[in-house]
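Work through the exercises below with the model open. Try each task before reading its solution.

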Amino acid sequence: MIRLFKVKEKQRETAENAKDEAVRRKQTAGELRLHKDISELNLPQSCGIAFPNGKDDLMNFEVSIRPDEGYYHGGTFLFSFKVSPIYPHEAPKVKCKTTIYHPNIDLEGNVCLNILREDWKPVLNINTVIYGLYHLFTEPNYEDPLNHDAAQVLRDDPKLFESNVRWAMKGCRIGDTLYSQCI
């Protein structure tokens with residue numbers, strides 16, 4: 001009889017320890033680095049960060065950018081970030097959730113930013129990526145495009161490009177594409 005109580009007690013201890021371990025899940029190195037990056041963010045007032053899945057899911061978040069100069073002045077553009085567990089050894093995956101007329105962002109939301117591809121280095125951080133995205137709005141680059149039509153218009157006729165950007169930000173159609181209203 002005494003032995004039965006000891007077995008039950010041992011089972012109860014094991015169950016409680018398993019609960020504690022689940023609650024105190026060990027963070028990966030990527031999560032620790034991302035937590036540090038987020039706590040040290042130094043964003044301009046025109047940028048914001050949100051965690052749609054709550055603060056417990058740091059690996060997935062959204063950044064909004066509202067440029068205060070350039071072609072995209074006054075628009076608000078939303079980007080989703082998915083960060084790998086091996087961050088910072090792998091760049092975050094960034095997608096633009098706003099359908100936008102931009103030479104460096106295609107209609108599926110893929111972003112052409114060198115530090116998200118071949119120039120990524122582990123010394124870079126989330127702050128650097130957000131500033132890189134912001135820079136795409138202040139100085140779009142027609143020399144390395146994802147949206148070739150927008151790049152050609154920017155290169156050949158900047159006034160028409162500016163007009164197309166304004167129409168697109170109002171949610172109008174340019175060619176066959178209906179853009180997201182972001183003004």
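**Exercise 1. A salt-bridge network**

With which aspartate does arginine 117 form a salt bridge, and how far apart are the closest N and O atoms?

Solution. Start with the ground rules. This is a predicted model, in which local features need pLDDT of at least 70, side-chain atom pairs count only at pLDDT 80 or more, and totals for chains, interfaces and linings use all residues. Residues are numbered from 1 along each chain as its sequence is written, and side-chain values use heavy atoms, with hydrogens and water left out.

Step 1. Apply the criterion: a salt bridge is a side-chain nitrogen of Lys or Arg within 4 Å of a carboxyl oxygen of Asp or Glu. The partner of arginine 117 is aspartate 144, with the closest N and O atoms 3.1 Å apart.

Step 2. Place the pair. Arginine 117 sits in the loop between E4 and H3, aspartate 144 in the loop between H3 and H4; the two are 27 residues apart and link distant parts of the chain. Helices (H or I, at least four residues) and strands (E, at least two) are DSSP runs, numbered from the N terminus.

Step 3. Extend the network. Arginine 117 also pairs with glutamate 118, at 3.7 Å between the closest N and O atoms. Arg117, Glu118 and Asp144 thus belong to one network of salt bridges.

Step 4. Grade the exposure. Buried means under 20% relative accessible area, exposed over 50%, and partly exposed in between (1.4 Å probe, protein chains only). Glutamate 118 is exposed because its value is 54%. Arginine 117, at 40%, is partly exposed. Aspartate 144 is also partly exposed, at 33%.

**Exercise 2. The annotated cysteine**

Is cysteine 112 buried or exposed? Find its contacts too.

Solution. Step 1. The unreviewed UniProt entry lists Cys112 under "active site". UniProt positions are given in the numbering used here, feature names are shortened, and annotations may be inferred rather than shown by experiment.

Step 2. Cysteine 112 lies in the loop between E4 and H3. Its relative accessible area is 6%, so it is buried.

Step 3. List contacts (heavy atoms within 4.5 Å). Beyond neighbours within four places in sequence, cysteine 112 touches Asn104, Arg117, Leu136, Asp144 and Leu146. Two of these names, Arg117 and Asp144, recur from the salt-bridge network.

**Exercise 3. The largest nonpolar core**

Which residues touch the most other members of the largest nonpolar core?

Solution. Step 1. Define the set: buried Ala, Val, Leu, Ile, Met, Phe, Trp, Tyr and Cys residues joined through side-chain atoms within 4.5 Å. The core holds 45 residues, and Leu34, Phe61, Phe79, Phe81, Tyr101, Val111 and Leu133 touch the most other members.

Step 2. Find the contributors. Elements giving two or more residues include helix H2 (29-39), strand E3 (77-82) and helix H3 (126-138). H3 gives the most, with seven residues.

Step 3. Inspect phenylalanine 79. Residues up to four places away aside, its contacts include Phe61, Val94, Val111, Leu133 and Phe137.

**Exercise 4. A loop serine**

Where is serine 84 placed?

Solution. Step 1. Serine 84 is in the loop between E3 and E4. It counts as buried because its relative accessibility is 13%.

Step 2. Leaving aside neighbours within four places in sequence, serine 84 contacts Met59 and Glu90.
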